[in-house]
Amino acid sequence: MLKKNIFLFIVIIISFSFKTFGQHIITGSVSDIIKKPIKSANIMLWDSVKNNLVSAHITDSLGNFHIEAKNFLNVQLRISSVGYQERHVQVVDSLSQYIAVVLNELPNNLAQIDISSNRPLIERKIDRLVFKVENSVIAIGSDGYDILSKAPGVRVGDTGVGIIGRNSVAVMVNSKIINLSGNNLITYLRSISSNDIKEIEVITNPPSKYDAAGNSGLINIILKKNTVLGYSGLVSTAIFLGKYAAAGLSGAFNYNTKKLHINTSLSSGTGKYFSYNNYFIERPFSSSNDYYQNVNQRSSLRGSISLDYDLSKSSSIGIKYEQVNNDGKNKNKRLAEYRSSILDSVINTPGISNSDNVSRSVFLYFQKKLDTTGKVLDFDVGYLDYNNGSDNTFLSRGFDFGTNLETGQVDVNSSLNQGTKIFSSKVDLSLPNKIVNLEVGGKISFIETNSLTSYQSSLVSLANQGNSFRYLENISALYLSAQKTVKKFNIKVGLRAENTVTNNYPSLGYVKIKQNYFNLLPTAYLNYKINTKQTIGVSYGKRINRATYESVNPARLYTSTYNYEEGTPNLQPSKSHVFEVNYNTDKFSSSIYGNLVRNGFAWITLLAPDNVYSVLKPQNFVDISIYGLSESYTFNKLSWLESYNQLSLYHEKYVYTIGSINTVNNLSAYFSTDNTLVLNKKKTLRANIKFYYQFPEISDLNKREDYYALNLGVSAGFAQRKINISLNATDIFKTSRLSSTSFINNVRRRVDDYNDNRNFRLSVSYRFGNDKNNKRFKDSTIEESDRIKK
């Protein structure tokens with residue numbers, strides 16, 4: 001059981017007091033109601049007695065302003081920005097003062113807004129690139145999945161989301177991690193209406209506020225917020241057709257009062273999915289061909305409810321419960337052929353596996369605005385309970401062509417029961433002031449994983465492979481971040497300190513393995529604003545990548561008598577260094593980036609020249625250096641066309657530390673173009689054409705061949721866009737299947753993979769109730785759940 005821990009974070013707030021002589025000075029910031037800085041807001045210093053303008057100013061890219069005058073007698077600030085209500089603030093006559101201004105959005109109906117091609121689509125902030133969804137023709141009638149595919153530097157597929165130049169990525173909504181992956185994540189993204197999305201932040205080098213785990217970037221989906229009262233909802237359904245069919249149904253209902261905000265969602269799906277893997281293995285004196293085909297019948301159910309209550313104008317509290325159920329049944333067959341100069345033998349292995357996993361999580365949060373200058377205290381706490389049960393049954397039959405006799409049969413039945421509990425809590429304190437904007441905070445998490453593996457088999461060596469496993473982990477972290485704007489320069493530095501303690505209790509002859517390591521993880525950013533549309537910047541960050549909990553479990557999981565996977569109890573974390581130099585305009589983004597991974601690990605297939613066993617095992621096996629040039633360009637000068645184009649050219653160097661594997665250098669590239677065509681004046685009928693091409697690249701031990709795909713789609717909106725219908729065809733020519741080759745221990749291995757890449761999807765959605773967006777719950781964060789192998 002997970003130990004109950006009570007902890008206390010004590011943050012000492014140091015106040016700054018500076019006296020300015022000579023000129024009177026006003027500094028301040030302008031933001032919306034969710035603390036989003038408003039760029040280029042108009043600041044007018046107005047004489048209240050004479051009723052005339054004294055001076056005019058605008059906010060910078062961070063929403064900050066600076067005004068100097070001989071005195072501030074009888075004056076006020078008049079602040080305005082397009083799409084917001086104007087606000088007047090009376091100024092006191094003092095030498096120095098800081099004023100934080102919050103503007104409310106005008107009550108415009110999004111469905112009546114005419115998207116203008118003159119509005120910027122891309123904005124560069126000091127630590128992230130922002131895609132302005134509201135300014136795009138796809139802002140209405142799409143979903144979160146479609147919107148993400150247009151964001152600069154983002155790659156979206158049916159199995160997940162990625163950032164060019166990053167091995168992995170985490171997805172956030174309103175700055176909080178979504179604890180979903182794979183198909184569950186895709187289903188969730190499709191449940192978000194584009195009408196609710198304000199912008200998407202692409203963070204290639206996450207600042208110190210966020211967990212430093214993983215060689216990954218972050219994608220943050222910012223949803224719109226307002227306080228419009230009433231109810232709203234969305235119901236959608238979709239039919240998926242690959243080799244087999246699948247269907248899904250989802251719904252959301254939201255209700256707002258002046259103080260209480262309720263959000264609920266429910267989604268389900270069921271269907272069959274087809275995949276196959278074909279392995280060609282060449283050893284010095286023999287070869288084999290192993291074909292594995294799988295039909296996965298799976299169903300899922302996900303539901304959540306959240307309550308958000310405003311205690312006062314300056315404080316709020318909330319709670320959210322979420323549960324995800326996934327059931328699966330795999331029918332697979334495996335045919336392995338072994339030969340020297342001629343076909344010697346074959347082994348046929350049909351099998352059935354079943355899985356049932358349930359994830360339950362509870363999040364609580366408290367937010368307190370400490371004053372009117374933007375000082376905010378956030379406290380989050382979360383608990384997740386994940387349970388997985390699975391069983392696998394297969395029967396291997398062999399035939400020897402030399403003797404023309406069956407070589408006997410082996411029946412195997414295995415079961416795995418696993419449970420993971422995670423408790424996580426953190427505190428964040430924002431301390432903006434006239435000298436520097438500070439952020440401080442801390443986080444603590446406790447993880448416990450238990451699993452039990454058992455076997456029944458006619459083969460004694462397999463029947464003895466049972467194993468019990470227990471893993472405990474505690475991570476404590478503190479961070480400090482400071483940001484300062486000096487004329488056209490914007491500087492941000494941060495430092496995150498993390499201490500990790502793990503206790504691994506494997507069986508099978510292992511002794512307890514304990515690790516205790518401390519890391520200082522710095523980040524730094526420097527931006528220069530050339531003019532209102534152009535910026536140039538540079539950034540650096542250090543990160544740590546920890547293993548999944550299954551990766552350190554030594555239990556063997558067999559899929560046939562000669563194929564199994566097992567974890568590595570003493571697997572070590574890897575470190576990575578990321579840097580970037582970028583240049584950005586409102587439609588163009590260019591970056592030179594580097595990603596250095598040391599002591600890298602992954603699940604790799606180990607083969608020996610003198611036996612036929614294939615072992616999938618995580619290993620610390622490589623140092624990786626990737627340097628690249630990435631270009632993104634958005635074209636929206638025509639009212640009927642919006643085109644998103646990406647090109648990344650990069651060099652990969654893999655230095656292997658296991659086996660007799662030579663260092664590999666490779667030059668690769670990725671290109672994509674995503675085009676939305678508006679087919680009528682009301683902009684309710686649209687077509688989409690997307691094409692991407694991936695050149696040969698390195699992945700772990702494998703050299704991947706090139707692959708590409710053409711996707712087509714059409715969508716239509718009806719009843720003032722409350723009803724949307726879309727039809728999408730993915731990989732029409734079936735050209736995105738993966739093929740790769742590896743060479744280790746004098747054994748060559750080629751793999752062909754296919755996962756229902758070509759498919760068709762018909763979806764229908766209906767929005768009801770108040771067209772305005774409901775206040776969204778502020779999730780807590782359990783990033784550690786990403787390391788559960790789901």
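## A tour of strands, a serine and two loops

Start by selecting residues 24-31: this is strand E1, which pairs with E4 in the antiparallel sense over 6 bridges. Here strands are DSSP runs (E, at least two residues; helices are H or I, at least four), numbered from the N terminus, and two strands pair if DSSP finds at least two bridges between them. You are looking at a predicted model, in which local features need pLDDT of at least 70 and side-chain atom pairs count only at pLDDT 80 or more, while totals for chains, interfaces and linings use all residues. Residues are numbered from 1 along each chain as its sequence is written, and side-chain values use heavy atoms, with hydrogens and water left out.

Stay with E1 and pick Ile25; its bridge partner in E4 is Glu68. Now add 96-102 to the view, which is strand E7. The 3 strands form an open sheet with mixed pairing, in the order E4-E1-E7. E4 (64-69) and E7 are the edge strands, each with a single partner, so one side of each has no neighbour in the sheet.

Next, select 513-529 and 535-545, strands E27 and E28, an antiparallel pair with 7 bridges. The two form a hairpin with 5 residues between them. Click on Lys529 and you will find its bridge partner, Thr535, in E28. Then bring in E31 (residues 574-584), which pairs with E28 in the antiparallel sense over 11 bridges. On this side, Val538 has Val581 of E31 as its bridge partner.

Val581 leads to the next stop, since it is among the residues that Ser591 touches (heavy atoms within 4.5 Å). Select Ser591 in strand E32 (residues 588-607). Ser591 has a relative accessible area of 9%, so it is buried (under 20%; exposed is over 50%, partly exposed in between, with a 1.4 Å probe and protein chains only). Show the side chain of Glu580 too: a polar contact of 3.4 Å joins it to the side chain of Ser591. Such a contact is a pair of N or O atoms within 3.5 Å; within protein, one must be able to donate a hydrogen and the other to accept it, and residues adjacent in sequence count only if both atoms are side-chain atoms.

Finish with two loops. Most residues other than glycine have a negative phi. Ala719, in the loop between E39 (707-718) and E40 (723-730), has a positive phi near 55° and is partly exposed at 49%. Move on to Asp731, in the loop between E40 and E41 (738-744). Phi of Asp731 is also positive, near 50°, but Asp731 is buried, at 1% relative accessibility.

How values were computed
Lists of a residue's contacts leave out its neighbours within four places in sequence.
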